[in-house]
Amino acid sequence: MAQKKVVAGKVSHGAKKTGEKKENDKKAAAKKISTSSANQEEMLLQALRGMRDILPDEQPYWERVRRALAHASQEYGFRRIDLPTVEYAHLYLRTVGVGTDIVDKELYLFNTRGGDRVALRPEMTAGLCRAYIEHGMGVLSKPIKLFSIGPVFRYDRPQEGRYREHWQANFDIFGENDPILDAQTIQLAYRVIQQLGLKSIEFQVNSIGTPESRREYEKALTRYLEAQKNKLCQNCRERLVKNPMRILDCKEDKCIQLTAHAPQSLDYLDLESRDHFKHLLEYLDELELPYVINTRLVRGLDYYTKTVFEIISSDSEGKKYALGGGGRYDRLIESLGGEATPAIGFGLGLDRIVLEMKRILVKPYQEPRPRVFLAQLGDMAKKKSLKLFSELEKNGILIAESFGRGSLKSQLRVANRLGVEVTIIIGQKEALDDTAIVKDMVSGTQETVTHERLVDAAKKILKTNQDLKV
Ligand code: AMP
């Protein structure tokens, strides 16, 4: 439901008598209070704009993603790290950089009760580097490969595929300079994408060089754009002062046209960066990955060096959107006060990946279905069935029940709907005898067994059914 705005009742200027005016004021105040409390009631029952619940029905898609990520991180030797969602705001100002949209416009900033200036994380790399230094990970043998997953927050304008809280999985490798690691990182991203059955994916790669060569490039880009400043959109005119490279990301037609012939970062690379990029492309060719060089790709954040890349998906109308992106950040650890440590990483946007899976009808993860149902009749049977449930479950039998339902008929209806192979029934007599009826739902036969024999009896039927299937 759309949020209502609180509109205070206006007092008529034409009110002549003071008594009348006072009365109007009172009414307006009362209206304001009641509207605002009604409004608060309403807001209590809706998630914040741009934030959403991921409901159980959607979870099988997410589960498939989580499994693919866990699998890939294991295959490639990554270890999981979980980081706080809140950090000192200063960390992001120092790393992501002032002048970026993420920091200037989208950061969730607030003061804690203790007076600390903190921010919800708008990305994960900064926190990861903070943790790397704080825990002295530099002494570990290199490369150090870390995997993390969690929500990130950006106060952006929400629309489909763009939320104020979205989920990311990040893979990062510390301690290696070699471009083979850049290629392996891209290979890993491709592996996840492939495992999820996503098609029409393209990797866009570029190099923005070292901070030194980048500075030269930025100067040339600024010179070029300054000369045609009036043709830029208002946002880009501001970017020209704060972060000119970000102009290459602008989606406005006039800015795209204007930057089509702008200087390219590849022409300003120093020898080392050029060599690095050349080797990366050779590795990618060898891997036969679907990549293109996008000379406009700069990824705008301050900390990137050399390789940058994005994973782009296109829909049937050719509309492109990023499912993930990353790059090298060889100077970041050092700039935060750690030892010079080259690093590379990327983030996958999980919400967008799920949207893409749904769009192209990828099958979600299928939960294993219960094969046994436990039904009970009467108070005593109910008490005993709780223990039996745990007994069966401990023996690896996936079991369903409907403890809340009284009638046997309605419980059996549930069992039928679930399509179980075995139904265990404990009636009043069975509860007294410590026995249970075990019914084979496939053959229709049934037998009464003691509680001690129950697990074996159920397993025997399940095994016979399994053997029949093979
Ligand atoms: P970035 O570091 O900004 O490139 O983000 C990495 C990935 O996260 C992007 O490629 C998107 O797939 C995803 N992403 C970024 N911002 C949002 C957002 N506001 N809502 C949903 N997904 C996002």
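Two residues are in contact here when heavy atoms of one lie within 4.5 Å of heavy atoms of the other. Keep that cut-off in mind during the tour; the model on screen is predicted.

**Stop 1: helix α2 and helix α6**

Select residues 59-75, helix α2, and then residues 179-195, helix α6. Their axes come within 9 Å and cross at roughly 145°. The crossing of α2 past α6 is right-handed. Which residues of α2 meet α6? Show R64, A68, L69, H71, A72 and E75 in α2; across from them, L188, R191, V192 and Q195 belong to α6. Coloured by class, the residues of this contact of α2 with α6 are 5 nonpolar, 2 polar and 3 charged.

**Stop 2: helix α2 and helix α12**

Keep α2 selected and add helix α12, residues 350-359. These two helices pack at an angle of about 115°, and their axes are 10 Å apart. The crossing of α2 and α12 is right-handed. From α2, select Y61, W62, R64, V65 and L69; they meet L350, D351, I353, V354, M357 and K358 of α12. In the contact of α2 with α12 there are 8 nonpolar and 3 charged residues, and no polar ones.

**Stop 3: the sheet of 3 strands**

Next, find the open sheet whose strands are ordered β2-β4-β3, with antiparallel pairing. Why do β2 and β3 each have one side without a neighbour in the sheet? Strands β2 (86-88) and β3 (109-111) stand at the edges with a single partner strand each, so one side of each has no neighbour there. From one strand to the next, the twist averages 35°. Now select residues 117-120, strand β4, which runs antiparallel to β3 and is joined to β3 by 3 bridges. One pair to label is F110 and its bridge partner V118 in β4. Then add residues 89-97: this is helix α3, which packs on the sheet and touches β2, β3 and β4. The direction of α3 makes about 75° with that of β2.

**Stop 4: the sheet of 8 strands**

Move to the open sheet with the order β1-β5-β6-β11-β10-β9-β7-β8, where the pairing is mixed. Its edges are β1 (79-80) and β8 (291-293); each has a single partner strand, so one side of each lacks a neighbour in the sheet. Helix α10, residues 271-287, packs on this sheet and touches β7 (201-207), β8, β9 (305-314) and β10 (320-328). The direction of α10 makes about 160° with that of β7.

Within this sheet, select strand β6, residues 165-174. Of its 10 residues, 8 are buried, so β6 is largely enclosed by the rest of the structure. Strand β5, residues 144-153, pairs with β6 in the antiparallel sense over 10 bridges. There, I144 stands opposite F174 in β6. Strand β11, residues 343-349, also runs antiparallel to β6, with 7 bridges joining them. F174 has A343 as its bridge partner in β11, and Q168 has G349.

**Stop 5: the cysteines**

Finally, select C129, C233 and C236. Is C129 buried or exposed? C129 is buried, with a relative accessible area of 0%. C233 is in no disulfide, and the nearest cysteine sulfur, that of C236, is 3.6 Å away. A disulfide requires the two sulfur atoms to be within 2.5 Å. By this rule the model has 0 disulfides. C233 is buried too, with a relative accessible area of 8%.

How values were computed. Residues numbered from 1 in each chain as written. Predicted model: local features only at pLDDT ≥ 70, side-chain atom pairs only at ≥ 80, totals over all residues. Heavy atoms only, no water. Axes fitted to C-alpha atoms, helices over the stretch in contact; angles between N-to-C directions. Helix = DSSP H or I, 4+ residues; strand = E, 2+ residues; numbered from the N terminus. Left-handed = near helix turned anticlockwise from the far one by under 90°. Nonpolar A, V, L, I, M, F, W, Y, C, P; charged D, E, K, R; others polar. Pairing = 2+ DSSP bridges. Buried < 20%, exposed > 50% of the residue type's maximum accessible area, 1.4 Å probe, protein only.
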